[in-house]
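This briefing is meant for someone opening the structure for the first time. Please keep the sequence and the 3D view at hand while reading.

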Amino acid sequence: MRRLVALGDRQLRELAESTGDVVLLCDYEGVVREIGAGVEVTYGYRPEELVGGSIFDYIHPEDVPGIQVALRAIVADEDSEEPGACMIACRVRAADGTWRPTESVATRHVGGEDMLLVTTRDVSDQEALRNQVAHLTFHDGITGLPNRSYFEERTREVLAGRASGHVAVIFLDLDGFTAVNDSVGHASGDYLLGQAARRLRSAVRTEDTLARWGGDEFAVLVETGGEAQLAVDVAERLVRAVSQEPFRVADRDVALTASVGVAFAEDEMPAGDLIRNADVAMARAKDLGGRRVEVFAAQMHADVVRRLELAADLQRALIENQFTIEYQPVVDLATSRVTAVEALVRWWRGSVFVPPEQFLGPAEDTGLIVPLGEWILREACREVAAWRASSWDIGLSLNLSARQITAPRFVETVAEALEESGLPASALTLEVIEEMLVEDAEETISRLSELRALGVRLAIDDFGTGYASLAFLRQLPVDMIKIDPSFVSGLGRDDTLTLLTRTIVRLGHDLGLIVVAEGIERPEQLEKLREMGCTRGQGFLVARPMAARGVDSLMRTSLQSAL
């Protein structure tokens, strides 16, 4: 029987060693009595070096107490008929001095001796693989920074152990990054993100957590110790780090700025709310022009909620036909004849009038301006075409937003509206502001040139208040410029504004353009404009915006008495 047991024991050891495991016998105190030859292959020790020594001399000191407890439990269970066993995970020092993660099984030896049979396996490769998977799970592949999942988990962890006011989250967005992808491609855009990450890492403290949130957005978790200014200082360093010098991408310099929001934790605030508040503050910084830091205030969240509610109401209003169009006449200042009307959208939410300045911004942000603008275009073209069919030589002006111009099939939509209504292309004037010509200039000018090729006229609205008026007058075949009301308001009262208005009128004449003055409200403004030779005008003194039936009656009378 003893021979059979010894044979079975030897076969078990040989089987274990054939799998690459190291098999050893040790007493209850951990002294090695026997060890297999595989220890030299796996850990670099000759078996005779280890026999007589303690296993605890080769186990990481931090792991020793736990192993001792497990082994004592096996010994204490010695009276049991079943052989005691336990699983052990620890770090073992190899002959080269490295600590190898191992998994072992210790079993009370069945040979009648007070011995433990230990089978040990080196799991370094499995551990490395687990670490790699964990890294990929919680880190961004482009920048090497922690990713959104890691940041959210870390924020929850820090909030659980810190007092309110001692934690802040910073959100950062790269202003103008979308144009980089569009101009030099996504690969170069990724390269720029890597550069940005290195700059941001140098701007934060070692104890701060910097992560790539997604796209061109980054987040920083700051433990302030109760000093709020510390988080604001970090945020301002981030802005400077991005904008201090251009990025070098695809053999060109790319200048970027950053919009940054800061939010501070409050009592029992969930991590999601703190992160959301920082995001809201960042959006506020972007709305204000970028390259700035905004600290979250409760009013910001209320504004965001209102805008979301308004966006939902806008979508419902489109479905339920709650919008109407009013038309503001444009007159020939020399003859007082109505030459065109500008279509203006109005929203009646039930019996409540919603001012355009309250809903046009949210409509632009949500993209609802595209279907709304298409409805305005088709409806206005239809009504003006009907007036022209009654022998009224009248044109139509419409304002365009950036979203409309860049929307797919926009040029085709304009062409279809003209064809369906029968309105001649030359009777339609589409207006853009100068700022739109500067942002995404190449695509915008391309689309406007396609519209011009249809025969549609183009106008620059609010002329003189933008960025590059003269440059774009040269690049784009414009038919008309509209003088901003801020210039017209000073006529007869402010010598500088009067001189600027006169200069714009003369410039328009020299370039062969129609010049329209907006915001005429006082008789002396009208007289000054006539004296300057301004071609056309509109404003409350000439005629207020009116419904279509008001235009019907206006066309049948002369405006002479009003002028």
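What follows goes through a helix and the sheet beneath it, then a second group of strands, and then two pairs of packed helices.

The model is a predicted one. Helix H4 packs on an open sheet, touching strands E3, E4 and E5, while strand E14, elsewhere in the chain, is mostly covered. Two helix pairs, H6 with H10 and H8 with H9, complete the picture given here.

**Helix H4**

- Helix H4 takes in residues 64–76, and because each of its 13 residues should add 1.5 Å, a span of 18 Å is expected, which agrees with the 18 Å found between its end C-alpha atoms.
- Four residues of H4, namely Val64, Ile67, Leu71 and Ile74, are buried; they cover an arc of only 85° around the axis, and therefore lie on the same side of H4.
- On the face of H4 that is turned away from this buried side one finds Arg72 and Ala76, which are exposed.
- The cover over the buried residues of H4 includes three strands, E3 (85–93), E4 (99–108) and E5 (115–122).

**The five-stranded sheet**

- Five strands make up an open sheet in the order E2-E1-E5-E4-E3, and their pairing is antiparallel.
- Strand E2 (32–35) and strand E3 form the edges, since each of these pairs on one side only.
- On average, and with direction ignored, neighbouring strands of this sheet are turned by 30° against each other.
- Strand E1 (residues 22–27) and strand E5 run antiparallel and are joined by six bridges, and within this part of the sheet leucine 24 stands opposite valine 118 of E5.
- Where H4 packs on the sheet, its direction makes about 150° with that of E3.

**Strand E14 and its partners**

- Strand E14 spans residues 338–349, and 10 of its 12 residues are buried.
- Nine bridges link E14 to strand E13 (residues 323–332) in an antiparallel arrangement, in which threonine 324 stands opposite arginine 346 of E14.
- E13 and E14 form a hairpin with five residues between them, and serine 336, which lies in the turn, has a positive phi of about 65°.
- Strand E15 (residues 352–354) pairs with E14 in the antiparallel sense over three bridges, with phenylalanine 353 of E15 as the bridge partner of tryptophan 348.
- E14 and E15 likewise form a hairpin, here with two residues between them, and glycine 350 in its turn has a positive phi of about 70°.
- The pairing of E14 with strand E16 (residues 395–399) is parallel and consists of three bridges; valine 341 stands opposite leucine 396 of E16.

**Packed helix pairs**

- Helix H6 (residues 148–160) and helix H10 (residues 271–287) cross at roughly 115°, and their axes come within 9 Å; the crossing is right-handed.
- In this contact H6 contributes Phe151, Glu152, Thr155, Arg156 and Leu159, and H10 contributes Ala271, Leu274 and Ile275.
- Helix H8 (residues 186–203) packs against helix H9 (residues 228–243) at an angle of about 145°, with the axes 9 Å apart, and this crossing is right-handed as well.
- Between H8 and H9, the residues Arg199, Leu200 and Ala203 of H8 meet Arg237, Leu238, Ala241 and Val242 of H9.

Terms used. Residues are numbered from 1 along each chain as its sequence is written. This is a predicted model: local features need pLDDT of at least 70, side-chain atom pairs count only at pLDDT 80 or more; totals for chains, interfaces and linings use all residues. Side-chain values use heavy atoms; hydrogens and water are left out. The expected span of a helix is 1.5 Å times one less than its number of residues. Buried means under 20% relative accessible area, exposed over 50%, partly exposed in between (1.4 Å probe, protein chains only). The arc is that of the directions from the helix axis to the C-beta atoms. Contact means heavy atoms within 4.5 Å. Two strands pair if DSSP finds at least two bridges between them. Axes are lines fitted to C-alpha atoms, for helices over the stretch in contact, and angles run from 0 to 180 degrees between N-to-C directions. A crossing is left-handed if the near helix is turned anticlockwise from the far one by less than a right angle, and right-handed if clockwise.
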